[in-house]
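Hi everyone, thanks for making time this morning. Let me put the sequence and the model up on the screen, and then we can walk through them together.

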Amino acid sequence: MTPVFKQPVSVLVVIHTPQLDVLLMERAQGDTLWQSVTGSREGDESLADTARREVAEETGIQVPADALTDWRLSNRFAIMQRWRGRYAPGVTHNTEHVFSLCVPAISPVRLAPDEHTAALWLPWRDAAEMVFSWTNRDAIRLVARELSAA
């Protein structure tokens with residue numbers, strides 16, 4: 001059987017309230033790594049479909065097609081060594097596409113226990129400081145800056 005590798009194309013979805021409280025989830029690997037929703041594209045699905053699927057899988061939130069904001073921003077970064085085995089041999093970098101989702105209010109989420117062990121809502125500044133990834137930090141700051149200016 002041929003192994004199925006992750007595509008080195010992913011999404012990051014910043015979920016927030018109108019008051020810019022941001023949802024973070026702790027990764028299940030026991031590293032105390034906090035993040036927004038992330039995930040790799042499957043097959044030839046669109047990036048928006050990847051974002052909608054990942055939000056549903058990781059939080060239980062069903063996202064209408066028109067609810068996501070596509071920031072038309074992508075970041076390329078080196079895949080952490082411990083996760084490279086998920087990708088085809090020789091793949092060392094991933095391109096991540098940034099989306100956001102505004103929800104009406106802070107509410108509980110249904111976590112995927114194999115991916116995340118805890119969730120919390122934080123004001124955007126605190127959330128940006130807590131995430132382990134620079135791309136996640138910058139995405140939270142972008143969303144807050146752009147929506148505060150609107």
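Where does Leu20 lie? It sits in the loop between β1 and β2. Before I go on, please keep in mind that this is a predicted model.

So what is curious about Leu20? Its phi is positive, about 70°, although Leu20 is not a glycine. As background, most residues other than glycine have a negative phi. And is Leu20 buried or exposed? Its relative accessibility is 9%, and because the cut-off for buried is under 20%, Leu20 counts as buried.

Now set that beside Arg72, which is found in strand β5. Arg72 also has a positive phi, about 50°, and is not a glycine. Its relative accessible area, though, is 71%, so Arg72 is exposed.

Let's move to the largest nonpolar core. It has 16 residues, and those that touch the most other members are Val14, Val22, Leu24, Trp124, Ala127, Ala139 and Ile140. Four elements each supply at least two residues of this core: β1 (9-16), β2 (21-27), α2 (124-130) and α3 (134-149). Which of them gives the largest share? That is α3, with four residues.

If you would like one residue to click on, try Val14. Leaving aside residues up to four places away in sequence, Val14 touches Val22, Ser36, Phe99, Ser100, Leu101, Asn136, Ala139, Ile140 and Val143. There is also a second, separate core of 15 residues, and Val55, Leu68, Phe99 and Trp121 are included in it.

Back to α3 for a moment. This helix has 16 residues and reaches 22 Å from its first C-alpha to its last, close to the 22 Å expected. Its buried residues are Thr135, Asn136, Ala139, Ile140, Leu142, Val143 and Ala144. As a reminder, an α-helix has 3.6 residues a turn, so residues three or four places apart point the same way. What do the buried residues of α3 pack against? The list is β1, β2, β3 (34-35), β5 (68-78), β6 (93-102) and α2.

The next helix is α1, with 13 residues and a reach of 18 Å from its first C-alpha to its last, close to the 18 Å expected. The buried residues here are Thr50, Ala51, Arg53, Glu54, Val55, Ala56, Glu58 and Thr59. Their cover includes β1, β2, β4, β5, β6 and β7 (116-123). Right after α1 comes Gly60, with a positive phi near 85°.

You may have spotted an arginine among those buried residues of α1. Arg53 has 16% relative accessibility, so Arg53 counts as buried. Which residues does Arg53 touch, not counting those up to four places away in sequence? They are Ser40, Arg41, Glu42 and Glu45.

Last stop, the largest pocket, with a volume of about 750 Å³. It is lined by 36 residues, and the closest to its centre are Arg27, Thr38, Trp83, Arg86 and Tyr87. At least two lining residues come from each of β1, β4 (37-40), α1 (47-59), β5, β6 and α3. How does the lining split by class? There are twelve nonpolar, 13 polar and eleven charged residues.

To pull it together, α3 gives the largest share of the largest core, and both α1 and α3 help to line the largest pocket. Thanks for listening, and I'm happy to rotate the view for anyone.

Note on methods: Residues are numbered from 1 along each chain as its sequence is written. This is a predicted model: local features need pLDDT of at least 70, side-chain atom pairs count only at pLDDT 80 or more; totals for chains, interfaces and linings use all residues. Side-chain values use heavy atoms; hydrogens and water are left out. A nonpolar core is a set of buried Ala, Val, Leu, Ile, Met, Phe, Trp, Tyr and Cys residues joined through side-chain atoms within 4.5 Å. Buried means under 20% relative accessible area, exposed over 50%, partly exposed in between (1.4 Å probe, protein chains only). Contact means heavy atoms within 4.5 Å. The expected span of a helix is 1.5 Å times one less than its number of residues. On a 1 Å grid over the protein atoms alone, a cavity is a set of points where a 1.4 Å probe fits but cannot get out, and a pocket is an open set with protein on both sides within 12 Å along at least five of seven lines; lining residues have an atom within 4 Å of a point. Grid points are joined across faces, edges and corners, and a volume is the space filled by probe spheres set on the points. Ala, Val, Leu, Ile, Met, Phe, Trp, Tyr, Cys and Pro count as nonpolar, Asp, Glu, Lys and Arg as charged, and the others, Gly among them, as polar.
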